[in-house]
Structure formats: structure tokens, C-alpha cells
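Let's walk through a protein model together, one question at a time. Have a look at it first, then we'll dig in.

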Amino acid sequence: MKNIFLVLICIFLLNACKKEDHLKNSKPVNIDYTQYVNPFIGTSKMGHVFPGATAPFGMVQLSPQTNFEAMFNDNGTYNSETYEYCAGYQHRDSTIIGFTHTNFSGTGHSDLGDFLVMPTTGDLVLDPLKTNDSTKGFYSVFSHEKEEASPGYYKVDLDSYNIKAELTASERVGFHQYTFPKSEDAHIILDMVYNVYSYNDKNVWVSIRVENDSTVTGYRQTKGWARDRKVFFVMQFSKPFKSYGHKKYDPVQYDGFYRRFKQDENFPEMAGKNIRAYFNFDTYEGEKLNIKLALSSVSTAGAIKNLEAEIPHWDFNKTKEETKEKWNKELSKIEVTSLSEDDKKSFYTAMYHTNLSPILYEDVDGQYRGLDQNIHLSDGFTNYTVFSLWDTYRALHPLFNITQPTRNNDMIKSMLAHQEQSVHHMLPIWSHYANENWCMIGYHATSVIADALVKNVGDFDKNRALQAAVTTANVRYFEGLGDYIDYHYVPDDKSHSSVSKTLEYAYNDWCISQIAKEVGNASTEKEFMDRSEYYTNVYDPKIGFMRPKLADGTFKKAFDPMDTEGQGFIEGNAWNYGLYVPQNIDKMIEIMGGKEPFSNHLDSLFTMEIADKYIAKHEDITRDGIIGNYVHGNEPGHHIAYLYNWTGHPEKTQERVRMIMNTMYAPTVEGLCGNDDAGQMSAWYVFSSLGFYPVTPGSTNYALGSPLVKEAIIHLENGKTLTIKATNQSKENVYVKSVSKNGKEVTRNVLTHDDITSGGELVFEMSNTPFK
């Protein structure tokens, strides 16, 4: 009996220890991290983010559209004002024309804006801004005092109609709740004409079917940034409409025997290029009219499955709370203690922005539309889209390797599926919605793959990944790539942005060599390691800058390293973009004169002034994101402040990084200094706040900086936690006196991925005195 008693005590103590260990690694569930997120941050000027409702990585982004600017002027020239509406919303506006279900976050070019819904009362008006006789359109005025946003929820009063609009969303379904006044003329407008980055012929075809008195299905096909994009939907109302109709805005040359019908009123089929439909209701004072609109890339049947699976009920608050909990799950992966409430809001809003895209791109049954426009079934992965890779390979995907390794694995499998379906046999360059849009340069999916491989993230097929990367890197007709292979640089007289391409191809080739090394393919490793050195061919030692080289082997004569236009660089100049050799920083510093001259060069970059004439021709580069001649508002320079570490001056990295965080980010509507670019700008802030940054994706190393947090706890997917502490942290103490991991001093200016994923304690001792 005594022995049994002792055994029971041992079992109790063992279980208690296990429970204690579990609690150490478990994330707190009682803290509402969404309270620190302000979706309005960055909605003014250049941020190009949306404030509406969405779930983490959700297919639906249900958000207000505050104005409409056509992509082209009447004379056919580009309308620069359309750039301000990449996300459909500008905080300075006081009008809302409706709520769309698809929106990019932070991009510098755009598309989407599908299925705009607008509630109105009174006389039916079907033009958004003004009618043909110049009277008011169906837009509503609103004020920011009666507007509210938090992760997964948006609310605004539509003052023109005395309607309160509330929005929430699951991954594939947008959920609207409109509180109406008493009216016999209440309307819901479904605007299928509206597009972000619209032009006259963007809609290829629109189809709407009224299935019954409360269910509508349909689809739209557009030719825009994605030149063949199809989106299907189902729309359900919480009460029957009393009548309905539509107006068609394109001429009909032939309509077959449909001409026998009066199609514009109460006819259950609507088809054409540009259509606005309406649904009429009687409402009593304070009546809530709810709408659920589900999306699919496959079919209306797929949309219906998504709706039934995700929101089978009409409880708006239930969905709102469920989505809020999903956001808390993602945000709580990093707990931070900040110097100020403002810093905490900036951090968690940045975390929020990093969890908006890439987006889920498959139905609940795993079906999705592929790049070949056929319907595929995801096998062993979840399919994603919106790969802004020129931006996001730098920090967003490396961040995912810490906070979202399973999801990043799925994203890589999605890229490999893209390559398999591509008639070019290429990995994605910049892809969205089953389309390659070919934006920007480089083949940076190779970076995402290499970074995951060397960090042991994912179970994707390494050999298949290597084959996909090598095939991509040998498509000769892609952006001067054939010339790069032949000349060992991209000749400026044969291709635009020649220096940028040479630098980025060389880095991408280094990434392929790392993939080959992991696979054990020595010959491919050597081939692409050799190609990774081609950057040296565009360096001009006589002037100390990367410089465009012509096909005859001479450097371009008319060259200004300050100018961002026509000098061989895309969205940058030689001062910024010319410092892009992340695969061999030591050699770059050596050929540029050595450590001290290079450090002085960086000093000049941050302190000199760039004249307006040098940035006038680029909408992606503005004063909001510039410090001296350093451009933080665009991606090519995001690693630059960390380069001081390689010169023997880590104290300068620490000083610059803290300055950038304090001046280029803020918890205000103007709190992003440039396009957030699908989360890259925010990922830079998250990493830098924690005290390290992935200067070279594809390497296991992170460069040390100066943490902004007082403390951070990273809850890793492997069950471990990494606690980061900044002792003596203050606004003035920006310098790092020492760094230790689990009590052992870190003697280099780098951390490894294993330092992070093994968990434990990382301690920065802060000071107001610089230490080399």
C-alpha cells in the first residue's frame, strides 16, 4: 500500500512538472493583442494599405473605397492620381462609394476591387460619383469620428443615408451588417463596373444570376495587371428583396433571342461587360440587413461551398469574435514590452500587416484555379497567391520562417505548382490570382526557397525546387537574362535597368547555388556560384560606383550616380541600389575601397541631400521615405543600415536603425514612409524592433542591430520560446554594449537561425555610449 502511495505521488509530481513546462511555452490567451493594432496606420499618402475587415491571410479583404480614379486620362495618358488608390482608400477623403471584397495591401501598382456593395435609401441612383446630369451619385459622405477599425472588423456611419455599416470576414466570406432607417426605398447596389486601376475595357465579362429572392451568384473576368482573372461569388441576403434590376453600360450589338425579354427589371439573368445591379427592400427603423458574400476562383458552386462551410449562420458578432480570435492567435506569437504605447501600436500593426498576404487561394475542398487556367486540387499543401517577391523575399518570407514556417512551406509549394503550370516553366516573379504579371525584376522565388532550405523549414521536394530554380534562371527571353548569361552582365544598350538586373540575378544565382549545395549537386552549385560573381562586371573602380555597361564592354559615358531615372537602376540610384551584393558583402566592401572608406560612404549616403529633380520621375520614391540620400520608402535599401556591421562600426548600424524606426514609422495614418509592399516594409520594422535582420536571405545568419523593444517573447512553432531582453533600454540608449545567448557572449555581429529556433534567452545590454 505504501509503494502504491509513493507511485501516485510521483505521477502527480511528474504531471505537475509537465504542466509547468507546458505553461512556460504556451501563449497567453487572456490578452487582446488586437487592441494594439490600428488598421488606419499607413492609409494616408504612400502606405497603400486598407482599413477594412479580413482574416489572417484571408481570400476576402472587405474594405471601403473612398474615391475612383480611372487609370488613364481622356487623352490616353496615365493618370498619376490612380496610384493613390492602390488599396481603394485614402484617409483624406470624406466619401465612400462602397465596399469591395478584394484589395491589395501596400502595393505600388494595383488591380482587384471586386464586387462593390453599397447600401442606399431614397431615389435609386446607379452612378457612384455623379450622374449624367451632374447630380450626386450613390456615394455617401462620412467622417472619421464615426469610423472604426480593428483586425477583422470595420464600422462607419454613411451620413448621406443614415445607415450604419459594419463589416467582418472569415477567410473566404465577407459579412456585411447594415442598420437602416425606416424606408420604403432601401437599396443594395452591386457594382460590377468598379475596379481598382480601372480603364474602359478592363472588364471582359460579367454574369449575375438571381437564384431566388435572397441568393445571387455570378462571376467577373477582368484584363488588368492580371490579364485573365476570374472571380466567382455567391451573395446571400438575410431577408428577401422585393424587386431587383440592373443597368448595362456597354452597347449590345447582338443579344440573340434574349431581346424578347425586358431584361433590366426582375429578370434573373444579367450579362455583359459593365453592369450595376440593385436589390430593393422595405426597412423599419433600426432594422439590420445582413449580407454574406463568398468568393471562389473556381466556380459559383465553390463559392457556395465556402459560404456553407465558413459562415452557415447569420450571427454577425459570432463571426466578428471568431476572426478577432484568429488575429489574436497570430499576433500573440510575439509578445512585446515596449518603451511606449506608441511603439507597441507600431509593432503590432506591423505584425498585422505582415499577416495580410500572401492570401489563401483555394476553396474549402482544396480546388483552385491554376496558372494554366485549369482547375487543380492541392495535394499535401494549401495554395496561396499574391507573391510580391521583389519586395517580400527580403524580410517577409524570412520572418515567416520564424513565425509561420508551416505556412511558408505551403507558399513554397504554391510557387512550385505555379512553375509546373507555367508555359514558361518559370517560378513566380510577381503573381496574383492565377496570373503572372511580370512586375519588377529578378527571380526571387529562388531566395524564398533557399532561405527555407538552409533553415530547415518545410518538407517540399528539394530536387524539384532545384530543377524549378535552374529552369527559371535559364529562360533567355526573360528581362535580359540571355544577355546576362552570354556577357556575364546585362548590357545597358540592350535592356532597361541593366545594373539592377545584373546585381539581382547574381544574388539569385547565389541562392540557387545554396539550393544545389543542400541537394548535394556539386556541379550546379559551382555553376551558379560562378554566376553569382557577375556583379563585379558592372563595378567601375574609377568612380567607385556600380555603373551601366554597354555590349561593347565600355561603361556608359553619360552617368549620374544620384539620378534615379535612366541610369541602369530600377526605382533607385547608384548610391542606394549599388550597395546590393548581399551574397558577398565582404568582397563588395573590398572592391569599394575597404572598411573605412565604405563606412564613410555610408555616412555620406545618410547625410547628403538628394535634389528633387533626381526623384521627380518616380512615384515610388518620395520625400516621406528619404533620409539624406538614403531611401527607406522603397525596398532596395532596406539592408543598407546593417552594412556598417561589416566595416567594424556596428555602433553606426545601431544608431541608424533606431533612427529609421523612430522617424520612418509612427502610429498615425501617415505612419508608413512608403508602400508597405505586401508586408515587406512592416517586416523590416518587426525584425529591427527585435534587434536583428536577415541581410542575406538564403543564409542562416541575421545581422545584429539595436532592439527597440524592452522585452519580446517569440513563441515558436516547435514549442520553444525565445525571450529577448534589452537591459537598460531607453530612448537614448540606442547602442549595444554586449549581447549574450543563454548567458554566453555573442562575439560576432550575427545571430544564426538556430540561435532563434533553439529558444532560450537573448540579452542585449544597452547604453548611451557607442561600442565598436
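Q: At roughly what angle do the axes of helix α8 and helix α11 cross?
A: Keep in mind that this is a predicted model. Find α8 at residues 445-454 and α11 at residues 498-519. Their axes come within 9 Å, and they cross at roughly 35 degrees.

Q: Is the crossing of α8 and α11 left-handed or right-handed?
A: A crossing counts as left-handed if the near helix is turned anticlockwise from the far one by less than a right angle, and as right-handed if clockwise. For α8 and α11, the crossing is left-handed.

Q: How many nonpolar residues are in the contact of α8 with α11?
A: On the α8 side, the residues include Ile 449, Ala 450 and Leu 453, and they meet α11 residues including Cys 511, Ile 512 and Ile 515. Sorted by class, this contact has four polar residues, one charged residue and, for the nonpolar class, eight.

Q: Which helix gives the largest share of the largest nonpolar core?
A: This core has 140 residues, and Met 546 and Phe 692 touch the most other members. The largest share of the core is 10 residues, and they come from α11.

Q: Which residues of α11 are among the contacts of Met 546, leaving aside its neighbours within four places in sequence?
A: The contacts of Met 546 include Tyr 535, Phe 559, Phe 569 and Met 592, along with Val 499 and Leu 503. Since α11 covers residues 498-519, the ones to pick from the contacts of Met 546 are Val 499 and Leu 503.

Q: Where on helix α9 are the buried residues?
A: In α9 (residues 462-472), Ala 465, Leu 466, Ala 468, Ala 469 and Thr 472 are buried. Seen down the axis, these buried residues fall within an arc of 165 degrees, so they line one face of the helix. Asn 463 and Gln 467 are exposed on the other side. What covers the buried residues includes α7, α8, α10, α11 and α12, and their place on α9 is one face of the helix.

Q: Why does Val 386 count as buried?
A: Val 386 sits in the loop between β23 and β24, and has a positive phi of about 70 degrees although it is not a glycine. Buried means under 20% relative accessible area. Val 386 counts as buried because its relative accessibility is 5%.

Q: Which residue does a cis peptide bond join to Ser 357?
A: Look in the loop between α4 (341-354) and β20 (359-360), where the partner lies. Omega is about 0 degrees for this cis bond, and the residue joined to Ser 357 is Pro 358.

Methods:
Residues are numbered from 1 along each chain as its sequence is written. This is a predicted model: local features need pLDDT of at least 70, side-chain atom pairs count only at pLDDT 80 or more; totals for chains, interfaces and linings use all residues. Side-chain values use heavy atoms; hydrogens and water are left out. Axes are lines fitted to C-alpha atoms, for helices over the stretch in contact, and angles run from 0 to 180 degrees between N-to-C directions. Helices (H or I, at least four residues) and strands (E, at least two) are DSSP runs, numbered from the N terminus. Contact means heavy atoms within 4.5 Å. Ala, Val, Leu, Ile, Met, Phe, Trp, Tyr, Cys and Pro count as nonpolar, Asp, Glu, Lys and Arg as charged, and the others, Gly among them, as polar. A nonpolar core is a set of buried Ala, Val, Leu, Ile, Met, Phe, Trp, Tyr and Cys residues joined through side-chain atoms within 4.5 Å. Buried means under 20% relative accessible area, exposed over 50%, partly exposed in between (1.4 Å probe, protein chains only). The arc is that of the directions from the helix axis to the C-beta atoms.
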